[in-house]
Amino acid sequence: MTIIAHPLTQLDGSPQYTASDYRKSVNALLLPSDGTAFGSVQGVRAGSPSPLMTINGTTVTVKAHAGVLCPWAGVGAYTYEMDTDTSVAVTDTTGTYKIALVLSDPSQSHGTIPGLALQSFPGTTADSAIQGLVLGQIAAGAASDLAPRILQQTLISVSTLSTLQTIPGVEGQRAMVTSDGTSTNNGEYRYTSGKWLAFSRTGGVLRTSASSDLGVGIGGSGNGAAATFSIGAQGFVTVDVYANYLRMDGNAAGNLQIMLDGAAIASTTRRLFNNRSVSIVTASPSWRFTVPCQPGSHSITVNLSVDSASANAIYIPATFVQVLDA
């Protein structure tokens with residue numbers, strides 16, 4: 001049995017470390033786990049060029065970058081660097097090929113000369129048959145990246161939002177603003193689509209927010225909080241509506257409706273009773289709607305209406321609308 005502590009100062013020739021010791025005691029803690037004791041997810045470092053590969057005729061060039069290899073079970077993960085752009089040839093411009101970094105480590109009974117090589121494989125080759133990391137694919141003369149990008153999931157902590165906004169990040173990077181003069185700026189942020197956005201633990205990355213009171217008269221309706229937001233790709237966003245309380249005089253149902261770009265896309269009805277104020281203060285949204293969106297800029301509006309002329313008035317004070325990534 002061998003138990004390795006690293007690093008220790010050598011005394012009388014001990015301790016001594018092997019490459020395997022380093023992979024298992026250091027890389028295992030620095031890199032994202034693949035679900036095993038020592039292994040890591042294979043991929044390229046976040047911040048690597050994008051696209052990572054280009055093709056000119058039959059020559060594929062992979063740009064300088066760093067990454068992680070973990071092709072074999074139980075031996076730990078290897079880090080690597082490619083400090084200059086490196087090229088490899090494919091057979092023609094019409095076929096499909098995989099471009100991969102292939103590892104050789106005789107100490108682990110793989111290969112004969114320790115090292116790393118850039119190679120091309122037929123597109124039908126299974127990734128599991130390649131002893132390394134598949135970086136991308138060439139199909140009919142076009143290159144596409146395939147390797148995962150590994151984020152540095154350290155948490156950045158800064159005092160003010162203005163300081164955070166000067167820091168470049170990678171997609172998904174987390175940060176905390178701790179003591180901004182504007183207290184509402186404090187909290188968690190995520191780097192999303194090229195900028196730092198506030199993060200809500202109840203529903204994702206905050207796209208935008210707005211607040212206003214909703215109030216309607218007898219049998220009437222009114223528009224409340226409106227917000228605009230952008231989505232970079234087709235998908236879904238979550239619309240949260242927070243309210244302090246509902247109040248009405250008379251007997252009616254208040255219909256809360258979410259309008260996306262002027263069209264109703266979701267609604268809910270809450271029936272209230274005579275002359276009552278209903279407290280609905282909670283840490284969670286009073287209402288939550290999931291909204292499908294196409295890429296582009298959108299507007300969200302909350303509309304409140306009363307379905308009965310017997311109601312004297314109904315309103316939702318201090319409504320707060322929050323649009324989040326789904």
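This passage walks through the fold, the strand pairing and a few backbone oddities of the protein chain. The model is a predicted one, and residue numbers count from 1 along the chain.

Starting with the overall make-up, the protein chain carries two helices and 25 strands. Of its 326 residues, 40% are buried. Sequence-distant contacts feature heavily in the numbers: taking contacts between residues at least 6 apart in sequence, 61% join residues at least 24 apart. On the outside, the accessible surface adds up to about 16800 Å², and carbon and sulfur atoms account for 51% of that area.

One open sheet is made of four strands, and its order reads β8-β7-β9-β10 with antiparallel pairing. The edges are taken by β8 (110–122) and β10 (142–145), each of which pairs on one side only. From one strand to the next, the twist averages 20°. Inside this sheet, β7 (residues 96–105) runs antiparallel to β9 (residues 132–139), and seven bridges hold the pairing record between the two. For anyone wanting to check the register, K98 sits opposite Q137 in β9.

A second set of pairings is built around β13 (residues 174–177), which has partners of both senses. With β12 (residues 155–158), the pairing is parallel and spans four bridges; here V158 stands opposite V177 of β13. With β14 (residues 187–192), the pairing is antiparallel, again over four bridges, and A175 is found opposite Y189 in β14. The side chains of β13 alternate along the strand. A175 and V177 point to one face and are buried, whereas R174 and M176 point to the other face and are not buried. Both β13 residues named in the register pairs, V177 and A175, thus belong to the buried face.

The segment before α1 (19–30) brings together several local features. L8 is located in this segment, and together with I4 and Y17 it makes a nonpolar surface patch of about 240 Å². D12 is also part of the segment before α1. The phi angle of D12 is positive, at about 55°, even though D12 is not a glycine. D12 has a relative accessibility of 79%, so it counts as exposed, the cut-off being over 50%. P15 is another residue of the segment before α1, and the peptide bond leading into it from S14 is cis, with omega near 5°.

Similar backbone features turn up in loops further along the chain. A cis peptide bond links S50 to P51, with omega near 0°; P51 lies in the loop that connects β1 (43–45) and β2 (53–56). In the loop between β7 and β8, S109 has a positive phi near 65° and is likewise a residue other than glycine. S109 has a relative accessible area of 67%, which means that it is classed as exposed.

Conventions: This is a predicted model: local features need pLDDT of at least 70, side-chain atom pairs count only at pLDDT 80 or more; totals for chains, interfaces and linings use all residues. Side-chain values use heavy atoms; hydrogens and water are left out. Buried means under 20% relative accessible area, exposed over 50%, partly exposed in between (1.4 Å probe, protein chains only). Contact means heavy atoms within 4.5 Å. Accessible areas come from the Shrake-Rupley method with a 1.4 Å probe; for residues, only the protein chains shown count as cover. Patches are made of residues with over 30% relative accessible area and no salt bridge: like charges are joined within 9 Å, nonpolar side chains (Val, Leu, Ile, Met, Phe, Trp, Tyr) within 5 Å. A salt bridge is a side-chain nitrogen of Lys or Arg within 4 Å of a carboxyl oxygen of Asp or Glu. Two strands pair if DSSP finds at least two bridges between them. Axes are lines fitted to C-alpha atoms, for helices over the stretch in contact, and angles run from 0 to 180 degrees between N-to-C directions.
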